[in-house]
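Me: I am new to this structure and would be grateful for a close look at one part of it, the interior. Please describe how the side chains pack there and what space is left between them.

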Amino acid sequence: MNQTNVSATEKNYGTLPDGTEVKLVTLKNANGVEVDVISYGGIITKMLTPDAKGNMTDIALGFDNLQDYVASKTNNVYFGALIGRYGNRIADGKFTLDGQEYTLATNDGDNHLHGGTQGFDQKVWGIKPFVKDGKACVELTYTSPDGEEGYPGTLATKVVYELTADNKLDMQFTATTDKPTVVNLTQHSYFNLAGGGSILDQQIQINADQYTPTRPGLIPTGEIASVEGTPFDFREPKAIGKDINVDNEQLTMAGGFDHNFVLRPHDKGELVLAAKVTDPASGRALEVYTDEPAIQFYSGNFLDGSLQGKGNTYGKNSGFALEPQHNPDSPNHPEWPTTELRPGETYQIKIVYHFTTI
């Protein structure tokens with residue numbers, strides 16, 4: 001491989017209203033794949049990938065400048081961001097750990113969503129680009145102080161993005177705490193494999209036999225339900241739009257797909273293919289691998305055309321998100337895989353985006 005074509009470069013991206021400087025790191029591999037990451041929120045602002053004919057297009061939803069990313073926080077879209085301390089929802093913003101109840105910020109009706117009012121998506125992370133073993137990499141670090149958004153413990157977090165020679169973005173998340181706490185980190189990129197327009201004709205497969213139905217507020221009911229005979233059966237590839245408008249209480253409540261899928265059992269630390277999406281028109285494909293127990297599939301239901309970026313107007317179903325995670329509201333469901341982290345332990349998860357073609 002031509003090592004000289006692999007690079008991780010840093011430049012200034014802008015300045016926040018309080019004067020904090022935000023950096024942009026551009027990762028490139030020898031195939032021309034490019035991933036841009038900013039220190040604000042650890043946001044992936046660009047994913048330039050080839051179609052079946054080798055034409056490069058940015059498949060990540062996002063904006064053209066820092067100001068638009070900051071302003072979008074009022075819309076709860078989380079384009080491209082690192083999510084923490086807790087991805088997805090916690091009912092009523094409350095959980096009990098070791099007999100003590102903790103009250104979190106409520107920023108989604110009565111519930112806590114994606115880390116709260118100022119989650120990890122709005123923090124300025126330490127950022128360090130480097131090239132290692134033929135991979136273009138960036139290390140992001142953030143220490144969340146005890147009590148931030150209501151969470152106990154000082155949480156020291158590190159995320160490393162590695163762009164490989166075979167067009168994989170390998171993301172490794174680690175965290176440690178000085179008090180018992182809960183943590184559920186993820187990455188919240190939105191994709192459109194065509195680079196624009198609707199995602200409804202793009203084909204998705206999710207390797208899950210079960211999902212977690214929700215009640216109003218998109219909080220899990222506690223049931224682990226079979227996908228068999230429901231619109232949530234993605235075990236074989238089908239168009240995202242095929243069943244999105246069928247008469248189904250779950251779909252009506254969410255305005256489409258915004259549900260957590262329970263992946264088939266696998267060993268702790270074992271990387272499995274969670275989902276694959278293909279675009280028949282361009283030939284692009286995205287595979288999402290993870291060692292997490294579940295994945296959230298969101299079909300961009302709340303995008304309403306009020307946000308614009310990169311020459312696109314982001315209307316309903318103009319992008320999809322696939323967020324590997326633990327089940328939403330797990331701290332309130334002790335029967336589910338735990339999200340507890342204790343002093344002396346290291347939280348470790350992995351998410352891989354593989355950009356390929358059909």
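Reply: Contact here means heavy atoms within 4.5 Å. This is a predicted model, in which local features need pLDDT of at least 70 and side-chain atom pairs count only at pLDDT 80 or more, whereas totals for chains, interfaces and linings use all residues. Residues are numbered from 1 along each chain as its sequence is written, and side-chain values use heavy atoms, with hydrogens and water left out.

F261 offers a point of entry. Leaving out residues up to four places away in sequence, F261 touches I206, A208, Q210, Y211, V227, F232, F234, P293, A294, I295 and F297. F261 and F297 also appear together in the largest nonpolar core (buried Ala, Val, Leu, Ile, Met, Phe, Trp, Tyr and Cys residues joined through side-chain atoms within 4.5 Å). Of the 61 residues in this core, Y161, F261, F297, F320 and Y353 touch the most other members. Strand β32, residues 347-357, supplies the largest share of the core, 5 residues; strands (E, at least two residues) and helices (H or I, at least four) are DSSP runs numbered from the N terminus. A second core of 23 residues is separate and includes Y13, Y40, L66 and L303. In soluble globular proteins, nonpolar side chains tend to be buried together.

Some figures for the whole chain set these cores in context. The chain has 2 helices and 32 strands, and its C-alpha trace spans about 55 × 45 × 40 Å along the principal axes. Of its 358 residues, 58% count as buried, that is, under 20% relative accessible area, with exposed meaning over 50% and partly exposed lying in between (1.4 Å probe, protein chains only). Among contacts with a separation of 6 or more, 67% join residues 24 or more positions apart.

Y190 touches members of both cores. This residue lies in strand β17, residues 190-191, and is buried, with a relative accessible area of 2%. Beyond four places in sequence, the contacts of Y190 are I59, A60, L61, V77, Y78, F79, G80, Y298, L303, G319 and F320; of these, F320 is a member of the largest core and L303 of the second. Y190 and Y298 are 108 residues apart in sequence, yet their C-alpha atoms are 8.9 Å apart in space.

T45 has a contact in the second core. It is found in strand β4, residues 44-50, and is buried, with a relative accessible area of 7%. Leaving aside neighbours within four places, T45 is in contact with Y13, L24, D36, I38, D58, Y69 and K310, and Y13 is included in the second core. V131, in strand β11, residues 126-132, is partly exposed, with a relative accessible area of 38%.

The remaining matter is the space between the side chains. On a 1 Å grid over the protein atoms alone, a cavity is a set of points where a 1.4 Å probe fits but cannot get out; a pocket is an open set with protein on both sides within 12 Å along at least five of seven lines, and lining residues have an atom within 4 Å of a point. Points are joined across faces, edges and corners, and volume is the space filled by probe spheres set on them.

The largest pocket holds about 600 Å³ of space. It is lined by 28 residues, of which K268, D291, E292, P293 and H326 are the closest to its centre. The elements giving two or more residues to this lining are β24 (258-263), β31 (340-341) and β32, and β32 gives the largest share, 4 residues. The lining has 11 nonpolar, 9 polar and 8 charged residues, where Ala, Val, Leu, Ile, Met, Phe, Trp, Tyr, Cys and Pro count as nonpolar, Asp, Glu, Lys and Arg as charged, and the others, Gly among them, as polar.

The second largest pocket has a volume of about 310 Å³. Y190 returns here: of the 22 lining residues, N76, R89, Y190, Y298 and F302 are the closest to the centre. The lining divides into 9 nonpolar, 8 polar and 5 charged residues.

Finally, the structure holds 1 cavity of 30 Å³ or more, with about 40 Å³ of space. It is lined by N88, R89, T212, T214, L218, P220, D258, H259, N260, Q296 and P328. Strand β24 gives the most to this lining, with 3 residues, and the lining divides into 3 nonpolar, 6 polar and 2 charged residues.
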